[in-house]
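Here's a quick tour of how some helices pack and where empty space is left. Have the structure open while you read.

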Amino acid sequence: MAVNQEQLQQIVTAVVAKLQAEKKAPETTLGIFEEMNDAIAAAKEAQKVMQKMPMDFREKILTNIRKKTQDHAETLAKMAVEETGMGNVGDKILKHHLLAERTPGTEDITTTAWSGDRGLTLIEMGPFGVIGAITPCTNPSETILCNSIGMIAGGNTVVFCPHPAAIKTSQYAVNLVNEASIEAGGPANVAVSVVNPTMEASKIMMAHKDIPLIAATGGPGVVTSVLSSGKRGIGAGAGNPPVLVDETADIKKAAKDIVNGCTFDNNLPCIAEKEVVAIDLIADELIYYMIEEGCYVISKEEQDRLTKTVLTPKGLNRKCVGRDAKTLLSMIGVTAPEQTRCIIFEGPKEHPLISEELMMPILGIVRAKDIDDAIEKAVWLEHGNRHSAHMHSKNVENLTKFGKAIDTAIFVKNGPSYAALGFGGEGFCTFTIASRTGEGLTSASTFTKRRRCVMSDSLCVR
């Protein structure tokens, strides 16, 4: 049968559409199982292979994970924003490159040794086996890839139970980890997950006999569940990081750092500045420079409308989390200037937009009469999460006093909050900050257990 020009064009269009669809939605089945028990069983078999691997072979896998993370950074960023509606693509791309470059690998697995007249003793870092990991929708692929690097470096495999709002992005990241392992000559299923990560699947994972350790990155509810599981748990929970500015600070730089940190990925990072406590003497100057950095000051009436919009009787309005400032303002009928990056206002520390962790570029500013008053207010606002806090000051005594009082896993001084993750600051990257259980910034060594190996009366040749 002859094909006319119109039919030929239709065939070509259909083929091109099919190829584009395949390009946009690549295969993401490696490591993804229908049932949680099957996923755990597969990870257990993979861990038997992993445990026999020499350290340099693990490093080959990690090197390939890093490469794939960078190669797919834009894809992962776009997928996350499209699927969750939170954050922005540009900053998410930066986070993927950061974790690829700065997440510790096998170099973090070290040995301590003692030798003497009675022989040689070693403390070795060994794998737990199969680790269960619960991951958030705010940093879905970043957390999975970062955790995978650290956990595999320690000789473990991992079962991920991602947030239901980020299933596709999370499964794509799990697939990449397995691709990286297979291409390097390692086993499949070094990272696994399930097609439908329900609460029931999570419960199966937490109760499973082959899961000795659970790492939870998310809100207070999920961390509490993990710590009630009867297993060893690493809890990376909520924070409400205050940033304190005293009269000795470089006020212009402080304003720039605060706005940059608060607006990074639309305030989704748990370490980001969530409210400001400023000494009254410099508060007006700080606000002036914050406005220069793209902040929009809302009126009392606009504050009330914004409060009703972003907070509901059940908690945060999910449609507002991770949205940019202009979008949030448009929700309350305010047309903001094009350069608007952040919403600011003054209020008491008890104001709901100040005391609640919002994960939105909204900064309430609380005035304090002096450093002691400022510290008291900032400590109250952090709510004892012991997560993150920030301060701008040139007074070492003030910095020390606040650092001791706030007692957080992260304390950034004179820089934007993201400096804590090695972005414009020294140190390694992580997306699991275990403030609640005390591990702090997790890395490969966090996901290992210590073993003492003793050779009595031998192997000391001094």
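## α15 against α16

This is a predicted model, and a good place to start is a helix pair: α15 passes α16 in a right-handed crossing. Sorted by class, the residues in this contact come out as seven nonpolar, one polar and three charged.

As for the geometry, α15 covers residues 371-382 and α16 covers residues 396-406, and the two pack at an angle of about 30° with their axes 10 Å apart. Angles under 35 degrees count as roughly parallel, so α15 is roughly parallel to α16.

Who touches whom? On the α15 side you'll find Ile371, Asp372, Ile375, Ala378, Val379 and Glu382, and they meet Asn398, Lys401, Phe402, Ala405 and Ile406 of α16.

## α4 against α5

Now look at helix α4 (residues 73-84) and helix α5 (residues 89-102), whose axes come within 8 Å and cross at roughly 135°. That angle makes α4 oblique to α5. Here too the handedness is given: α4 passes α5 in a right-handed crossing.

From α4, the contact uses Ala73, Glu74, Leu76, Ala77, Lys78, Ala80 and Val81, while α5 brings Val89, Lys92, Ile93, His96 and His97. By class, that contact splits into seven nonpolar, two polar and three charged residues.

## The largest pocket

On to the open space. The largest pocket holds about 1100 Å³. Its lining takes in 48 residues, and Gly218, Gly219, Pro220, Val222 and Arg318 are the closest to the pocket's centre. Elements giving two or more residues to this lining are β4 (130-135), β5 (157-162), α8 (199-207), α9 (220-227) and β13 (315-316).

Which element gives the most to the lining of the largest pocket? That's α8, with four residues. As for chemistry, the pocket lining has 23 nonpolar, 19 polar and six charged residues.

## The enclosed cavity

How many cavities of 30 Å³ or more does the count come to? Just one cavity reaches that cut-off. The largest cavity has a volume of about 80 Å³.

Its lining is made up of Leu94, Lys95, Leu98, Phe264, Pro269, Ile271, Tyr418, Leu421, Phe423 and Phe431. By class, the cavity lining has nine nonpolar residues, no polar ones and one charged residue. The charged one is Lys95.

Terms used. Residues numbered from 1 in each chain as written. Predicted model: local features only at pLDDT ≥ 70, side-chain atom pairs only at ≥ 80, totals over all residues. Heavy atoms only, no water. Axes fitted to C-alpha atoms, helices over the stretch in contact; angles between N-to-C directions. Parallel < 35°, antiparallel > 145°, perpendicular 65-115°, else oblique. Left-handed = near helix turned anticlockwise from the far one by under 90°. Contact = heavy atoms within 4.5 Å. 1 Å grid on protein atoms, 1.4 Å probe; cavity = no way out; pocket = protein on both sides within 12 Å on 5 of 7 lines; lining within 4 Å. Points joined across faces, edges and corners; volume = space filled by probe spheres on them.
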